Each structure stands twice: as C-alpha cells, then as structure tokens.
Amino acid sequence: MTSLDDLFQAARAAQGRAYAPYSGFTVGAAVRDTDGRVHAGCNVENAAYPQGACAETGAISAMIQAGGRAIAEILVVGEGEHLVTPCGGCRQRIREFATPETPVHIAGLEGVRRTFRLDELLPFSFGPDNLADTGRGAR
Ligand code: THU
C-alpha cells in the first residue's frame, strides 16, 4: 500500500461510473484536499458534445460541495499508452485551488505512471493572485 493507493482506488471507482457513451473513453479523478479528505469525479458526456464534463471538473465540484477549498494533490486515471494528462481547461480549474508545486499524478490502469508539478503543466498561469493584486480577489 503506497500513500497514493487511496487516491488511485477512488479515481478507479469513479472511472467505473463514468458516462462516456460517445467517446468510449472513461476517466476518473480524485483530489485530496488540504484536510486530507478525498473527492472523486468521472467524465460525464453529453449528446450536445461540447457540454460534456471532464473527470477533474467533477472531482473539484465534489471537493467544493464538501467544503474543501484547497487541493493538496490530484490523480487522474485513464486507459491507453499515452499519459492522460488534464486538458487545458482542467489545468486552469485545478490552478484555482492549487499551488505551483501541487502534485498532479497521472495513472494508467496499472497505477501511477508520472507525477508533474502543476506549474509544469500550466506555466506562467493566471490565477486568483492576479485579481487580488487589483483588489478584486476572492481571498
Ligand atoms: N477527459 C477527461 O475527463 N479528463 C482528461 O484529463 C482528459 C479527457 C474526458 C473528456 C471526454 O469525455 C473523454 O475523456 C474523451 O476526451
């Protein structure tokens, strides 16, 4: 049992409940918040294709509704030989609740393959600090 087993298992369980009838590509994500709680999500597609939601989006929503406000680490799992890294939009959604150092673990069905820092995936990002600079910040 590694320290990532709980995240991996939560993401895999969520992946198993994905609604992906159009792409057939199921994804699971699990976030550990800074209180240590784990929140999971899966992709939810839609017949109006652009309205589909990614697994990371669902996991972040679950964290927020549970009262979490900060991501300690996040894990994404999907199949195939390529790394299932978060899409551009989800990198920005993660950014809202993370730091440049926040680990983003990318897993295949066999387990974690690579871990990135968020700022490797989204360098020079725009975030809450930009708004705070102007007195319009959320925190
Ligand atoms: N998808 C995710 O849920 N997360 C990712 O990191 C990559 C892609 C979903 C969106 C869509 O439902 C399917 O995978 C194929 O793109």
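**Close-ups of the ligand and its pocket**

**View 1. Polar contacts of the ligand.** In this predicted model, a polar side-chain atom of E45 lies 2.6 Å from an oxygen atom of the ligand. A ligand oxygen also sits 2.9 Å from a backbone N or O atom of A55, and a polar backbone atom of T85 is 3.4 Å from an oxygen atom of the ligand. Polar contacts here are pairs of N or O atoms within 3.5 Å. The protein covers 76% of the 370 Å² of accessible area that the ligand has on its own (Shrake-Rupley method, 1.4 Å probe). Residues are numbered from 1 along each chain, and side-chain values use heavy atoms, without hydrogens and water. As the model is predicted, local features need pLDDT of at least 70 and side-chain atom pairs pLDDT 80 or more, while totals for chains, interfaces and linings use all residues.

**View 2. The shell around the ligand.** Here you meet S23, F25, V27, N43, E45, C54, A55, E56, T85 and P86, each with a heavy atom within 4 Å of the ligand. By class, five are nonpolar, three polar and two charged; Cys and Pro count as nonpolar, and Gly as polar.

**View 3. The largest pocket.** The ligand takes up this space, with more than half of its atoms within 2 Å of the grid points. A pocket is an open set of points on a 1 Å grid where a 1.4 Å probe fits, with protein on both sides within 12 Å along at least five of seven lines; lining residues have an atom within 4 Å of a point. Its volume is about 230 Å³, the space filled by probe spheres set on the points. Among its 17 lining residues, V27, N43, E45, A53 and C54 lie nearest the centre.

**View 4. Three annotated cysteines.** An unreviewed UniProt entry lists C54, C87 and C90 under "binding site". They span 37 residues in sequence, yet no two of their C-alpha atoms are more than 8.4 Å apart, so they gather at one spot. C54 and C87 also belong to the lining of the largest pocket.

Conventions
Polar contact = N/O pair within 3.5 Å; in protein donor to acceptor, adjacent residues only side chain to side chain. UniProt positions renumbered as here; feature names shortened; annotations may be inferred.
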